[in-house]
Each structure stands twice: as structure tokens, then as C-alpha cells.
Amino acid sequence: MSRTETDSIGPIEVPEDAYWGAQTQRSLINFAIGQEHMPLPLLHALALIKKAAARVNDRNGDLPADIARLIEQSADEVLGNKLDDQFPLVVWQTGSGTQSNMNVNEVIAGRANELAGKGRGGKSPVHPNDHVNRSQSSNDCFPTAMHIAVAQAIKDQLLPAVTELSAGIAEQSSRHMRLVKTGRTHMMDATPITFGQELSAYVAQLDYAEKAIRNALPAVYELAQGGTAVGTGLNSPHGFAEAIAAELAALSGLPFVTAPNKFAALAGHEPLTAMSGALKTLAVTLMKIANDLRLLGSGPRAGLAEVRLPANEPGSSIMPGKVNPTQCEALSMLACQVMGNDVTIGIAASQGHLQLNVYKPVLIHNILQSIRLLGDGCRNFNEHCIAGMEPDAGKMAEHLEQGLMLVTALNPHIGYDKSALIAKKAYSEGLTLREAALALGFLTDEEFDTWVRPEKMLEAGSNG
């Protein structure tokens, strides 16, 4: 069953149970590309804009109060996830996001008309353009929704997840701050470090990434709304930009303000490019952590085997008893995706031809995917890997005892050249450092005990 809806192109049949109208239906036909649907957070952000605009237009006398109330009631249903199935459009549509803006306009109008007792869909008493889209354009609504969706996702999903992972690693770091092990540089044995010190680096790196994300937020809080078609604000009343930014801030609880230059807000996406760069920084950190732990956990017999990672599931369909570092693999894969998303975002943001960037849908799809992946990844990794991770103190002690770079402690006492000869002799002849040092006659047994003490090699200024 269907009903007839119309737009400037003409009439078109729309499914009877759909709230959307003609423009949404045409987009379904004209853009049957891929399976990547427009992200719901973006669509909910558009609904929030429609609610805020209705309030401002009502106060300004530009919208009848009863129409404004119907728009707000319908928008609230969208925001309450009651109409999620009414947003079927894909990312691969017009680069301004016009079809999705109209999808939201039509659904809100279609539901408002039903609430008014006039049947589902249609344009009376609530018109999708004249009322729901009053004082707005797709060209300022869509970038505003992009900023709202990103800011909300960062605040609600990502930052809490990063804090959770950082706290989990910090707890492990504190617990093992005295557990001495071999440090490694260039994938080769180096001077000693504690396991707690090793883990503390990850906490500091996560803190750096978190600060980068927070530092990118203020520009995201600046909204394009009020610029309308090309940034001039045509068809929006004086003061609308400031008023709707204040309304959106009040509705969302986030410090949104109007962008100081609407032309830049429509034509460029530097704020989201900077945010994507910060997300990439976090992805780089997560890749580092995942790869380090998978190396430290390699084995259990033929690898480093200094860390026991949780055995969450069988690792092989053919090798019985095999367990793999699956959490590290999942985290590193999503880091790859985020890095790839950043490349796409950079290219898309660079395509701000003249007064409008028309790569907005792919840009918001990628940045919201990055935020979601990073948030989910941090939480999952903390719960299923970090929390259950245990060091193998015995294996660490074994590696430390066999390590040749403890010879570095002798540099201040016998010099670099003699110390190097000890290390080379020990390595080539399969001797311990002590045995090689005594054989070369460079020091006594008592001096070796005094000078080569791993626990004294952990702080600056320590030389035995």
C-alpha cells in the first residue's frame, strides 16, 4: 500500500506506513549505493536543531505556537529513538546532506500531522520546508548537526572510555612498580626497567591523546546554524544564529556558540579535521599498547612470555590448547581503521569548493565511526585484557639475569670500551657477564656484585 506525496519535481508514491515524503523517497531510488546508512547520532542532532529552531521561531513570532508545539513533540519522538526506522538513507547521497536534512524535516512533519489528526505524512498543518525548516538551510543544518553529534559522542562515549582504560593500566602500573625486568630498545635487550614503569608510559600516552581531544573540542562547539545557504544568513531573522546556539546549548548541556564566520563554517571543516587528528593520536597510542602487550605475551614457550594475557577463547581450529592475543589484535585493527578514516576525513575536508564543502556525509560517517570504535575498543580492552593481565615474574627475572646490557652499569667504573669487550665475550662464548668480566681481569667478583645491581639501575644518577 502506498500514498502519493509531492515535491518540486512532481508526485511520487511513498509506502503508506512511512512518515517521510517525496524527497526521501526519491533519494532511496536515486542513491541505492552501499549499506552505510546515515549515522543515527547525526539524524538525532538534526532533530535537536528542528526542536531548537521551532522554539526560537515561536519566540520570534515567525511560527504559530501550535505548529511549533507539534514540531517539538514530533522531534522529541525522534530524539527518544521512537522513529529510528524512518531514516533509511545512505551516506552516499548529495554532499551537502540535503536529502537527510529533508528526511528529518519530512518525518517530523509527517508525524506532527498525524499528531494533529490529519493522517501520516503530507504537508498540512505542518509543512516540512515552510515550518520544520523555517529560518534554516541544509547547508547550515547539516554542518551544525555534524558538530553536535561529534561533541555528544566525544563527551558521552569516548572520554569516559579513555579514562576507564587509563585508570585500568595505572592500577596495574602501581601494582608492579617494583617488579624489575629487562628493558628493550630496537627490539633488543637494553638496561633494566620495572614493569610498572613500562606501563606508566601507556598512561602518559593516553593522557596526551585525551588532552589533544579535549583541546579540539572548543572549535567543534562553534556552530554554522544561521548561515543558511551560503553563510550570509538569508531568510533567517536577525539574531537567529545566536539564539539557536543558546537554545542548543541549553537542550544539550554542551557549551555551543555561534561560529564567528559562517562562510568558513559552511565551506570548511577544519574543526572536525583537527578532531580527527586527535582521534588518530589516540589510535596511534592504542596501536602501541596493543603491539607491546602482544609481544610481551608472546609464547608461551618460544616467545618473550613475560606477560600472561587472559585466555578468553580457543585460538585455533587445528592446534589444541592454543590461545591468541585476540584483544590486542582487535584493538590494533580498529586503530588501523581510525587512521584510514583520518585520511578520508582530511581529503573530504579539503574539498570545500567555493562556498560549500560537499563531502559532508562521508566526513561525518567516518569521524563518528572512529569515535565509536575508539570508545568501544578502550572499554573492551580494559575489561577483557588489562584487568586480567598478569606478569610472569619468573620469566622476567630469567631474562634479566641473562641480559647483557646490565654491563652498562660498569661504564662509569671501567669505561665503555672494556665494558663492550665484556659483553661481546659473554655473548660469543655463552658466558655470564660475571664470568666474562672475571676472565678478562677487568674487575673482581666483589666489584661486580657492588656495581652490577639491576635494582639500582632504574633511576637517573644511579651508577652502582
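## Helix 6 and helix 12

Let's start with a pair of helices. Helix 6 (residues 138–175) and helix 12 cross at roughly 20°, and their axes come within 9 Å. Angles under 35 degrees count as roughly parallel, so helix 6 is roughly parallel to helix 12. Keep in mind as you look around that this is a predicted model.

Who sits where these two helices touch? The contact of helix 6 with helix 12 is made up of 23 nonpolar, five polar and four charged residues. As for handedness, helix 6 passes helix 12 in a left-handed crossing.

## Helix 7 and helix 10

Now for another pair. If you're wondering what numbers to look for, two packed helices are described by the angle between their axes and the distance between the axes. For helix 7 (residues 195–220) and helix 10 (residues 270–296), the angle is about 165° and the axes are 8 Å apart. Over 145 degrees counts as roughly antiparallel, so that is the label for helix 7 and helix 10.

Helix 7 passes helix 10 in a left-handed crossing. Sorted by class, the contact of helix 7 with helix 10 has 22 nonpolar residues, along with three polar and three charged ones.

## A hairpin of two strands

Next, find strand 3 (residues 180–185) and strand 4 (residues 188–194). These strands run antiparallel, and five bridges join them. To trace one bridge yourself, go to Val-180: its bridge partner in strand 4 is Thr-194.

What lies between the strands of this hairpin? There are two residues between strand 3 and strand 4, and in this hairpin His-186 takes a positive phi near 60°.

## The largest pocket

Time to look at empty space instead of atoms. Rolling a probe the size of a water molecule over the atoms shows where empty space is left. The largest pocket holds about 480 Å³ of space. It has 23 lining residues, and the closest to the pocket's centre are Gly-297, Ser-298, Gly-299, Pro-300 and Val-323.

Which elements help to build the lining? Strand 7 (307–308), helix 11 (326–349) and helix 12 (360–386) each give at least two residues to the lining of the largest pocket. Helix 11 supplies the largest share, with three residues. You've met helix 12 already, packed against helix 6 with axes within 9 Å. By class, the pocket lining has nine nonpolar, nine polar and five charged residues.

Terms used:
Residues numbered from 1 in each chain as written. Predicted model: local features only at pLDDT ≥ 70, side-chain atom pairs only at ≥ 80, totals over all residues. Heavy atoms only, no water. Axes fitted to C-alpha atoms, helices over the stretch in contact; angles between N-to-C directions. Helix = DSSP H or I, 4+ residues; strand = E, 2+ residues; numbered from the N terminus. Parallel < 35°, antiparallel > 145°, perpendicular 65-115°, else oblique. Left-handed = near helix turned anticlockwise from the far one by under 90°. Nonpolar A, V, L, I, M, F, W, Y, C, P; charged D, E, K, R; others polar. 1 Å grid on protein atoms, 1.4 Å probe; cavity = no way out; pocket = protein on both sides within 12 Å on 5 of 7 lines; lining within 4 Å. Points joined across faces, edges and corners; volume = space filled by probe spheres on them. Pairing = 2+ DSSP bridges.
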